[in-house]
Amino acid sequence: HLETMAKAGISSTIIYMPEVISLDDYCRAAAAAGLSVEARIFPSWQSEKPVLRKLPEEALQEMEKRFGIRLIGTCANHPDNHKSFLAATRNLLEKYSDRLSAIHLDFIRNDNAVLLMDYPCHCDACQELYQRFFAEALPSASVINSNPAIFYKLVALRNQQVTKLLKNTGKLTKEYGVELTIAARANYLNSKDIVDPPVWGLGPAVLEGQDWVQWCDDELIDAVYPMNYHTDLSFFKAVLDDHLRLMKPDLPKLFSGIGVSSSMGKIQPKELAQRLELVKNAKLPGAVLFNKTNIYSDEFLKTIAEFR
């Protein structure tokens, strides 16, 4: 499979670590095919007991009624999550840094922005921050959203905590001589977005603590792969145009994500060609394809090869 991808013009593979049976065998096969390997990990990876966002039962019931989901992901503010993730990352790099080209961070952010608006985390670490800055451990969503200063500070705290984890991960990648890349929310600030179920919004990234444009400006990451997985070409182009404007000083770091098959749906080979053409015309260094199955038909491989 890796040889087939390499022949089509793929230069790198991003391996999702929870699904790896043998990283030794995978790296060996990738090297034989001439592919570099990025290890895709996320803040709760290999944590036996990650600290999840906490909410009272009544808030979860209300969330489920409004959005059709109970979303309780890993709290990106909690120091225990930071500690376990950095230990796991160091262990990975200690063993495989000579065979990996990069650590690829997925989900380097907080939960879904649409839900964060009205359901901020109630874990002990977040309550400690709230108490210090807002003089109450559990400020209501109405208080937060009605006071611009409080809302600003809450978003700033999220960004500070996620950036802290990113910086510490970057120290490790520099120590071991590999690059640091991230999967980023396509909607950085005010791009076209989807707010209806079943997607529940795809950003804005800064509301979730993922200020990836600032991270590039501050040279904290080597490359960013915004997840521009829109199946509607007009949406894809509008979001890509936003990325080109935002990243104008750092375009060599921008690799546009394209969803071949994702939670947003599927595209056909001709639709992939349309997106790759836009990326090529923008003179970006490349694109990152996301496919839930990672299996490509001959038509897709032919399309990819045309843009090598």
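This passage walks through the cores, one helix, the charged pairs, the aromatic pairs and two backbone features of the structure. The model is a predicted one.

A good place to begin is the interior. In soluble globular proteins, nonpolar side chains tend to be buried together. Here the largest nonpolar core has 62 residues, and Leu92, Ile103, Ile182 and Trp212 are those with the most contacts inside it. Helix 4 (residues 79–96) gives the largest share of this core, six residues. Another core, of 13 residues, lies apart from it and includes Cys75, Cys121, Phe134 and Ile150. The surroundings of Ile182 can be followed residue by residue: leaving out residues up to four places away in sequence, Ile182 touches His104, Leu105, Ile108, Leu166, Trp212, Trp215, Ile221, Ala223, Val224 and Tyr225.

Helix 12 (residues 298–306) offers a clear case of a two-sided element. Phe300, Leu301, Thr303 and Ile304 are buried in this helix. These four residues lie on the same side of helix 12 because they cover an arc of only 160° around the axis. Turned away from that buried side is a face that carries the exposed residues Asp298, Glu299, Lys302 and Glu306. The cover over the buried residues of helix 12 includes helix 1 (2–7), strand 6 (256–262), helix 11 (269–281) and strand 8 (287–291).

Charged side chains come next. Side chains of opposite charge can pair when their charged atoms come close. The structure holds 13 salt bridges, and three of them are described here in turn. Asp25 and Arg28 meet through their side chains at 2.7 Å, N to O. Both belong to helix 2 (residues 23–33), and because they are three residues apart there, about one helical turn separates them. Asp25 is partly exposed, at 44% relative accessible area, while Arg28, at 53%, is exposed.

A salt bridge also joins the side chains of Glu64 and Arg70, with an N to O distance of 3.1 Å. Glu64 has a relative accessible area of 38% and is partly exposed; Arg70 is partly exposed too, with 35%.

The salt bridge between Arg109 and Glu208, at 3.8 Å from N to O, links distant parts of the chain, its partners being 99 residues apart. Arg109 sits in the loop between strand 3 (102–105) and helix 5 (113–116), and Glu208 in the loop between strand 4 (179–184) and helix 9 (212–217). Are these partners buried or exposed? Residues under 20% relative accessible area are taken as buried, so Arg109, at 8%, counts as buried, and Glu208, at 0%, is buried as well. Elsewhere, salt bridges that share partners join Asp24, Asp98 and Arg99 into one network.

Arg109 has a further partner, since its charged end sits over the ring of Phe107, 4.0 Å from the ring centre. A similar arrangement brings the charged end of Arg275 over the ring of Phe236, 5.3 Å from its centre.

Among the rings themselves, the count comes to six aromatic pairs. One of them is formed by Tyr225 and Phe255, whose ring centres are 5.6 Å apart; with the planes at 75°, the pair is edge-to-face. This pair also links distant parts of the chain, 30 residues apart: Tyr225 is in strand 5 (residues 223–226), and Phe255 is in the loop between helix 10 (233–246) and strand 6. Tyr225 is buried at 8% relative accessible area, whereas Phe255, at 21%, counts as partly exposed. Tyr296 and Phe300 make an edge-to-face pair as well, with ring centres 6.3 Å apart and planes at 75°. Both Tyr296 and Phe300 are buried.

Finally, two residues stand out for their backbone angles. Gln46 has a positive phi of about 65° although it is not a glycine. Gln46 lies in the loop between strand 2 (36–41) and helix 3 (57–67) and is exposed, at 54% relative accessibility. Lys283, likewise not a glycine, has a positive phi near 60°. Its place is the loop between helix 11 and strand 8, where Lys283 counts as exposed at 71% relative accessibility.

Technical notes:
Residues numbered from 1 in each chain as written. Predicted model: local features only at pLDDT ≥ 70, side-chain atom pairs only at ≥ 80, totals over all residues. Heavy atoms only, no water. Buried < 20%, exposed > 50% of the residue type's maximum accessible area, 1.4 Å probe, protein only. Helix = DSSP H or I, 4+ residues; strand = E, 2+ residues; numbered from the N terminus. Arc of directions from axis to C-beta. Contact = heavy atoms within 4.5 Å. Salt bridge = Lys/Arg side-chain N within 4 Å of Asp/Glu carboxyl O. Phe/Tyr/Trp six-rings, centres within 6.5 Å; stacked < 30°, edge-to-face > 60°. Lys NZ or Arg CZ within 6 Å of the ring centre and 35° of its normal. Core = buried A, V, L, I, M, F, W, Y, C linked by side-chain atoms within 4.5 Å.
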